[in-house]
Amino acid sequence: MHIRKAVSADAAELSELLNEIIRAGGTTALETPLSAAEFVDWFIDGEFPLLCHVAEHDRSLVGFQSLSLYRDPPKGFADIGTFARMNPKTPGVGSALFPATRAAAEELGLDFINATIRADNVSGLAYYAKMGFETYDRLVQVPLQDGTPLDRIKKRFRIDARHHATPHA
């Protein structure tokens, strides 16, 4: 699997990947499909995205992970989003993407990466725990577009450059 920065030319394929997840429901807070142009604005080079990495496998984009400043997070925080193709599923996409995202967060001088996960997203909660995120808050009964109340779990990953820094030559 090859990890690289996303470019605008990836938007059509990535928006389809994301829209399949949105249509399936149950794992993302996003509820409305995005056009390729909206995808670029939200995840690649709009006002709020800091970075977006893609995972390529067998000449196909199988997932992406982004850091952004949506919803005006506290100083030193950025929000993470992780999405992997549902069909065909490629194991290990999130685990392959996170080291690049963590390294970029260090370079950006961030203190924490924040993940806000739907309480019913069992696989998402497990993924972020596996990556070392710790629960620090819960948003209670946040309504979906149809009015259904659903908790959101807030997890954060502490960026500590002292433990991840590479020696300088």
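The second largest pocket of this predicted model has a volume of about 170 Å³. Its lining is made up of 13 residues, and those nearest its centre are K5, L50, L51, H53 and A104. Three elements each give two or more residues to this lining: α2 (36-45), β2 (49-57) and α3 (93-107). By residue class, the lining of the second largest pocket holds ten nonpolar residues, one polar residue and two charged residues.

The largest pocket has a volume of about 1,300 Å³. It is lined by 47 residues, of which T27, G81, T82, F83 and Y128 are the closest to its centre. Strand β4 (residues 77-84) supplies the largest share of this lining, with seven residues. The lining of the largest pocket comprises 23 nonpolar, 16 polar and eight charged residues.

**The sheet**

Seven strands form an open sheet with mixed pairing, in the order β1-β2-β3-β4-β5-β7-β6. The edges are occupied by β1 (2-5) and β6; each has a single partner strand, so one side of each has no neighbour in the sheet. On average, and with direction ignored, neighbouring strands of this sheet are turned by 25° against each other.

Strand β4, already met in the lining of the largest pocket, pairs with strand β3 (residues 60-68) in the antiparallel sense, over six bridges. Within this part of the sheet, Q65 stands opposite T82 in β4. T82 is also among the residues closest to the centre of the largest pocket.

**Salt bridges**

Side chains of opposite charge can pair when their charged atoms come close. In this model the count comes to five salt bridges. The table lists three of these pairs.

| Pair | Closest N and O atoms |
|---|---|
| R4 and D10 | 2.8 Å |
| E13 and R85 | 3.5 Å |
| D151 and R138 | 2.6 Å |

Which parts of the chain does the pair of E13 and R85 tie together? E13 lies in helix α1 (residues 11-24) and R85 in the loop between β4 and α3, so the salt bridge links parts that are 72 residues apart in sequence. E13 is partly exposed, with a relative accessible area of 32%, whereas R85 is buried, with a relative accessible area of 14%.

The pair of D151 and R138 belongs to two strands of the sheet. D151 lies in strand β7 (residues 149-158) and R138 in strand β6 (residues 134-143), so this pair ties together parts that are 13 residues apart in sequence. D151 counts as buried because its relative accessibility is 12%, under the cut-off of 20%. R138, by contrast, is partly exposed, with a relative accessible area of 44%. Strand β6, which carries R138, is one of the edge strands of the sheet.

Salt bridges that share partners join R4, D10 and E56 into one network. Within this network, R4 is partly exposed, with a relative accessible area of 22%, and D10 is buried, with a relative accessible area of 8%. The salt bridge between R4 and D10 has its closest N and O atoms 2.8 Å apart.

Technical notes:
Residues numbered from 1 in each chain as written. Predicted model: local features only at pLDDT ≥ 70, side-chain atom pairs only at ≥ 80, totals over all residues. Heavy atoms only, no water. 1 Å grid on protein atoms, 1.4 Å probe; cavity = no way out; pocket = protein on both sides within 12 Å on 5 of 7 lines; lining within 4 Å. Points joined across faces, edges and corners; volume = space filled by probe spheres on them. Helix = DSSP H or I, 4+ residues; strand = E, 2+ residues; numbered from the N terminus. Nonpolar A, V, L, I, M, F, W, Y, C, P; charged D, E, K, R; others polar. Salt bridge = Lys/Arg side-chain N within 4 Å of Asp/Glu carboxyl O. Buried < 20%, exposed > 50% of the residue type's maximum accessible area, 1.4 Å probe, protein only. Pairing = 2+ DSSP bridges. Axes fitted to C-alpha atoms, helices over the stretch in contact; angles between N-to-C directions.
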